[in-house]
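Reader: I would like a close look at one part of this model, taken slowly and with each statement kept to what can be computed or read from a record.

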Amino acid sequence: MPMDSNDKKHNTTKSKNLVNSFEFAFTGLRTVYKDERNMKIHIFCAFLVVILGFVVQLNRFEWCWIGLCIFLILAMEMVNTVCENIVDMMTDKHFHPLGKKVKDIAAGAVLLTTIFSVVVGALIFLPKIYQLILY
Ligand SMILES: Nc1ncnc2c1ncn2[C@@H]1O[C@H](COP(=O)(O)OP(=O)(O)OP(=O)(O)O)[C@@H](O)[C@H]1O
């Protein structure tokens, strides 16, 4: 069915300028935050980690690692959500072995990033927390 070309919400043509592209990207960020429970949990955990970072006074190098971990997890969760949505759209939420494969692999990517982040977080925070408790 042809769409009204002025209907921005249902527009499927290439964005005409940089401002439009940013607008669509921010809509994507808002959508994933609004619709995905896991995203809210990740952002809440990231918030706690940042507070802890200030408490234990991370240096620049350590902030870089923690920042990398936070943004990796958030970006991977978004890719996972994209995969889930594409599978749901293609299969109309009916079982398909390839749909299972795609969703499971995407979830595995989030898990891998989370494990990496937990290890990095432990290496950075545990010695500092240990020192805080000792002195
Ligand atoms: N269309 C499908 N065909 C085959 N298997 C599916 C399909 N949809 C979901 N599954 C299976 O169910 C699992 C959970 O799917 P779901 O879409 O609920 O993802 P989820 O990881 O639970 O979502 P979220 O990341 O939002 O918690 C998938 O990992 C996959 O194994």
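Reader: In which helix is Glu77 found? Please start there and then work outward through the annotated positions, the helices around them and the shell around the ligand.

Author: The model is a predicted one, and what follows should be read with that in mind. Glu77 is found in helix H3, and for this residue the unreviewed UniProt entry lists the annotation "binding site". Glu77 is buried, because 22 other C-beta atoms lie within 10 Å, where 20 or more are needed for that label. When neighbours within four places in sequence are left aside, Glu77 is in contact with Asn38, Met39, His42 and Val110.

Asn38, Met39 and His42 also lead to the packing of H2 against H3, since these residues of H2 are among those that make the contact between the two helices, as is Glu77 on the side of H3. The axes of H2 and H3 come within 10 Å and cross at roughly 175°, which means that H2 is roughly antiparallel to H3. The contact is made by Asn38, Met39, His42, Ala46, Val49 and Gly53 of H2, and on the other side by Trp63, Ile66, Ile70, Ile73, Leu74 and Glu77 of H3. Sorted by class, the residues of this contact divide into 8 nonpolar, 3 polar and 1 charged.

On the packing of H3 with H4, the angle is about 170° and the axes are 9 Å apart, so H3 is roughly antiparallel to H4. By class, this contact has 16 nonpolar, 7 polar and 4 charged residues. A pair of C-alpha atoms gives a further distance: those of Ala107 and Cys83 are separated by 9.3 Å, although the two residues are 24 residues apart along the chain. Ala107 lies in helix H4 and is partly exposed, because 15 other C-beta atoms are found within 10 Å.

The annotation "binding site" in the unreviewed UniProt entry also covers Glu36, Glu84, Lys103 and Asp104, and three of these can be followed in some detail. Glu84 is found in helix H3, and it counts as partly exposed because it has 16 C-beta neighbours inside 10 Å. Leaving aside the neighbours within four places in sequence, Glu84 is in contact with Lys103 and Ala106. Lys103, in turn, has its place in helix H4 and is partly exposed, with 17 other C-beta atoms within 10 Å. Apart from neighbours within four places in sequence, the contacts of Lys103 are with Cys83, Glu84 and Val87, and thus the annotated residues Glu84 and Lys103 are in contact with each other.

Glu36 is found in the loop between helix H1 (18-35) and helix H2 (37-55), and it is partly exposed, with 16 other C-beta atoms within 10 Å. Glu36 and Glu84 are also covered by a "binding site" annotation in the unreviewed UniProt entry; although they are spread over 49 residues of sequence, they cluster in space, with a largest C-alpha distance of 11.1 Å.

Lys103 also belongs to the surroundings of the ligand. In the model, 13 residues surround the ligand, and the closest of them are Thr91, Phe95, Gly99, Lys100 and Lys103. The elements that give two or more residues to this shell are helix H3 (60-91) and helix H4 (97-134), and the largest share, 5 residues, comes from H4. By class, the shell has 3 nonpolar, 5 polar and 5 charged residues.

Finally, the loop between H3 and H4 deserves a careful look at its backbone, for which a general point is useful. Most residues other than glycine have a negative phi. Asp92, which lies in the loop between H3 and H4, has a positive phi of about 50° although it is not a glycine. Lys93 is found in the loop between H3 and H4 as well, and its phi is near 65°, a positive value in a residue other than glycine. Asp92 is exposed, because 7 other C-beta atoms lie within 10 Å, and Lys93 also counts as exposed, with 10 C-beta neighbours inside 10 Å. Glu77, with which this account began, is by contrast buried, with 22 other C-beta atoms within 10 Å.

Technical notes. Residues are numbered from 1 along each chain as its sequence is written. This is a predicted model: local features need pLDDT of at least 70, side-chain atom pairs count only at pLDDT 80 or more; totals for chains, interfaces and linings use all residues. A residue is near a molecule or strand if its C-beta atom, placed from the backbone, lies within 6 Å of it. Helices (H or I, at least four residues) and strands (E, at least two) are DSSP runs, numbered from the N terminus. Ala, Val, Leu, Ile, Met, Phe, Trp, Tyr, Cys and Pro count as nonpolar, Asp, Glu, Lys and Arg as charged, and the others, Gly among them, as polar. UniProt positions are given in the numbering used here, feature names are shortened, and annotations may be inferred rather than shown by experiment. A residue is buried if 20 or more other C-beta atoms lie within 10 Å of its own, exposed if 12 or fewer, and partly exposed in between; C-beta atoms are placed from the backbone. Two residues are in contact if their C-beta atoms, placed from the backbone, lie within 7 Å. Axes are lines fitted to C-alpha atoms, for helices over the stretch in contact, and angles run from 0 to 180 degrees between N-to-C directions. Angles under 35 degrees count as roughly parallel, over 145 as roughly antiparallel, 65 to 115 as roughly perpendicular and the rest as oblique.
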